[in-house]
Amino acid sequence: MIRYIARSKENIALGAIMSRFEYLKLADAVAAEIASGALKAGDRLPPQRHFAYDRNIAVSTASRVYTELLRRGLVVGEVGRGTFVSGEARRGNAAPPEPRGARIDLEFNYPLLPHQATMIAKSLEGLERPEVLEGALRPATSYGTRAARTISSEFLA
């Protein structure tokens, strides 16, 4: 008979969800450790579960902290090995947060590929006709259009 052996005797309440500012403060604290040199490039961070238990937070919150550190470029994750402090020059600098509720300025939206303008024009062909535009703007169902199902089935056959 196989018995389950708990790795930790502590249980964190599932309702212990931190607000956005609380988990960002925790990410800032780890970022400060990296900036001060307490954590050096190549140092391995504890697994998220241990990080959570050590700080008495939910594992989901620890995951959010690690994700924020990854977004800032302070750590790198390697599947099966763990999370390590990044050796990049921008260590310790917080990446600017993504704007919320702000308009997106497309004024400087330049094509990246040499023939991208031609490719975009080709993909928009026919949309000047109202019936084609109406079909493109119609809400899609979970099972797709008949044309999409036909093309998919031919591709998979």
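Of the contacts made in this chain between residues at least 6 apart in sequence, 54% join residues at least 24 apart. The model behind that figure is a predicted one. Secondary structure here amounts to six helices and three strands, and reading from the N terminus the elements go α-β-α-α-β-β-α-α-α. The chain has 157 residues, and buried residues account for 20% of them. As for the outside, the accessible surface adds up to about 12,800 Å², with carbon and sulfur atoms taking 58% of it.

On to the sheet. The three strands make an open sheet, ordered β1-β3-β2, with antiparallel pairing. That leaves β1 (44-45) and β2 (75-78) as the edge strands, each of which pairs on one side only. Between β2 and β3 the antiparallel pairing runs over four bridges, and Glu 78 sits opposite Gly 82 of β3.

Thr 83 is a handy spot from which to look at this region. It belongs to strand β3, which covers residues 82-85. Thr 83 has a relative accessible area of 15%, and because the cut-off for buried is under 20%, Thr 83 counts as buried. Setting aside residues up to four places away in sequence, Thr 83 touches Asp 43, Arg 44, Leu 45, Tyr 66, Val 75, Val 76 and Gly 77. Among these partners, Arg 44 and Leu 45 are the residues of edge strand β1 (44-45), while Val 75, Val 76 and Gly 77 fall within edge strand β2 (75-78).

Then there is the helix that goes with the sheet. Helix α3 lies across β1, β2 and β3, and it runs at about 115° to β2. Ala 62 is part of this helix, which spans residues 59-71. With a relative accessible area of 0%, Ala 62 is buried. Once its neighbours within four places in sequence are left out, Ala 62 is in contact with Gln 48, Phe 51, Ala 52 and Ile 57. As for His 50, its C-alpha is 9.1 Å from that of Ala 62, with the two positions 12 residues apart in sequence numbering.

Elsewhere, the surface carries a nonpolar patch formed by Leu 112, Leu 113 and Met 119, which together have about 360 Å² of accessible area. Met 119 of this patch is located in helix α4 (residues 116-123). Its relative accessibility is 48%, so Met 119 goes down as partly exposed, given that exposed starts at over 50%.

Notes: Residues are numbered from 1 along each chain as its sequence is written. This is a predicted model: local features need pLDDT of at least 70, side-chain atom pairs count only at pLDDT 80 or more; totals for chains, interfaces and linings use all residues. Side-chain values use heavy atoms; hydrogens and water are left out. Helices (H or I, at least four residues) and strands (E, at least two) are DSSP runs, numbered from the N terminus. Buried means under 20% relative accessible area, exposed over 50%, partly exposed in between (1.4 Å probe, protein chains only). Contact means heavy atoms within 4.5 Å. Accessible areas come from the Shrake-Rupley method with a 1.4 Å probe; for residues, only the protein chains shown count as cover. Patches are made of residues with over 30% relative accessible area and no salt bridge: like charges are joined within 9 Å, nonpolar side chains (Val, Leu, Ile, Met, Phe, Trp, Tyr) within 5 Å. A salt bridge is a side-chain nitrogen of Lys or Arg within 4 Å of a carboxyl oxygen of Asp or Glu. Two strands pair if DSSP finds at least two bridges between them. Axes are lines fitted to C-alpha atoms, for helices over the stretch in contact, and angles run from 0 to 180 degrees between N-to-C directions.
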